[in-house]
Amino acid sequence: MKFGVVLPSYGPQAGRLAMLDTALAAEQLGYESAWLTDHLALSQPEAGEFGSLFEAVTSLAYLAGATGRIRLGISSLVLPQRNPLEVAKQIATADLLSGGRVLLAAGIGWSKSEYRNLGSSFSDRAARMDEAIKVLRTLWRGGNRPVSFQGRYYAFEDVVFQPSTVQLGGPPLWVGGNSAAALRRAVLLADGWHANSLPAAALVARLAAVKPLLARRPFTVSMRISLARQPIAGQENAVQGSAEQVTEQLRALQVAGLEYAVIAPVAGSQAERERLLAGFAREVMPVLREIPKETR
């Protein structure tokens, strides 16, 4: 199993130094990746902890220049409320500036008011999501040739898309979302699936439904999971408790098919966050990395 860390880019503790210190700590502790969170224009009744949130793509570019090894991702970028050509350019630039360290999870989003605030259509977001993923792929795989695309929602001709990404064919692209539709979209169009705090039994059921479609091709099953010392109200599927308890909870998910855990530490301060990440890296990560990957 591989491990990433959700950075404090939102909520009352969000800040430049909080993000930077957490990313550097994660890099030093041996985590594979550090992840930013995306929203652009939530209305006040829905904003909650996302009311204060650093824009994800520009934050990623900033962190690319401040880190050296750790991969950098967005979990999850709401793709259908953006122009996918612009997103492709932004992510390609970040991949180049980071030396090929970018990961991207993209989802359709859940806030109707956010779509409305951005002047984007909510009702057809699933169909536009499918087409937007194809736009990203087409542009990232275009090489040095002009790129054209003709779809129902997006169309362009002879676009010069340079410089290219460092990663051949573009950064790994995962589809975020817990629904069966999100997983099927991931299997058909992307490199992996990025779920959010599913229990092991649900993960088994979801993956069993798409197993015939995978045909042993490379495909990453990832999940964003809260990590806490004590139970969290409203987050029954968070991993929590002692190191042994957390290990057992994650082992159950690993046996169910989870390959990449993106940990969101629940902490009251930066010092507590770094202690939580350090303890997890020392006591949990080595155990789970020793367990052979189950064959799906």
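Modeller: Quick definition before we start: a residue is buried under 20% relative accessible area, exposed over 50% and partly exposed in between, using a 1.4 Å probe and protein chains only. The model is predicted, so local features need pLDDT of at least 70 and side-chain atom pairs count only at pLDDT 80 or more, while totals for chains, interfaces and linings use all residues. Residues are numbered from 1 along each chain as its sequence is written, and side-chain values use heavy atoms, leaving out hydrogens and water.

Colleague: Okay, let's try that out. Is S197 buried or exposed?

Modeller: S197 is buried, with a relative accessible area of 17%. You'll find S197 in the loop between strand 8 and helix 8 (200–214). Helices (H or I, at least four residues) and strands (E, at least two) are DSSP runs, numbered from the N terminus.

Colleague: And what is phi of S197?

Modeller: Near 50°, which is a positive value in a residue other than glycine. Most residues other than glycine have a negative phi, and most peptide bonds are trans. D158 also has a positive phi, about 50°, and is not a glycine either. D158 sits in strand 6 and is exposed, with a relative accessible area of 55%.

Colleague: You mentioned peptide bonds. Which residues does a cis peptide bond join?

Modeller: One cis bond joins S75 and S76, with omega about -10°, and S76 belongs to strand 3. Another joins Q162 and P163, with omega about 0°. P163 is in the loop between strand 6 (155–159) and strand 7 (173–176).

Colleague: New topic. What volume does the largest pocket have?

Modeller: About 1100 Å³. A pocket here is an open set of points on a 1 Å grid over the protein atoms alone, where a 1.4 Å probe fits, with protein on both sides within 12 Å along at least five of seven lines; lining residues have an atom within 4 Å of a point. The volume is the space filled by probe spheres set on the points, which are joined across faces, edges and corners.

Colleague: Which residues are the closest to its centre?

Modeller: Of the 39 residues lining the largest pocket, Y10, E49, F50, N196 and R224 are the closest to its centre. Strand 3 (71–78), strand 8 (192–196), strand 9 (220–228) and strand 11 (260–265) each supply at least two lining residues.

Colleague: How many of the lining residues are nonpolar, polar and charged?

Modeller: The lining has 16 nonpolar, 18 polar and five charged residues. Ala, Val, Leu, Ile, Met, Phe, Trp, Tyr, Cys and Pro count as nonpolar, Asp, Glu, Lys and Arg as charged, and the others, Gly among them, as polar.

Colleague: T37 caught my eye. What does T37 touch?

Modeller: Not counting residues up to four places away in sequence, T37 touches V6, S9, Y10, F50, L53, F54, A56, S75 and R224; contact means heavy atoms within 4.5 Å. T37 lies in the loop between strand 2 and helix 2 (44–47), and at 4% relative accessibility T37 counts as buried.

Colleague: How about A106, where is that found?

Modeller: A106 is in strand 4 (residues 102–107) and is buried, at 1% relative accessible area. Leaving out residues up to four places away in sequence, A106 touches S76, L77, L79, M129, L173, W174, V175 and G176.

Colleague: Which residues in the largest nonpolar core touch the most other members?

Modeller: Of its 77 residues, those are Y31, L79, W193, L203, L250, L258 and F280. Helix 6 gives the most to this core, with seven residues. Apart from this core lies another, of nine residues, among them W35, L103, Y260 and A264. A nonpolar core is a set of buried Ala, Val, Leu, Ile, Met, Phe, Trp, Tyr and Cys residues joined through side-chain atoms within 4.5 Å.

Colleague: What is F280 in contact with?

Modeller: Beyond its neighbours within four places in sequence, F280 contacts F3, Y31, L227, V246, L250, I263 and M285.

Colleague: Back to helix 6. Which residues are buried in it?

Modeller: R125, R128, M129, E131, A132, I133, V135, L136, R137, L139 and W140.

Colleague: Last one: what covers the buried residues of helix 1?

Modeller: The cover includes strand 1 (2–6), strand 2 (33–36), helix 3 (56–66) and helix 10 (270–283). The buried residues of helix 1 are A18, M19, L20, T22, A23, A25, A26 and E27. After helix 1 comes G30, with a positive phi near 95°.
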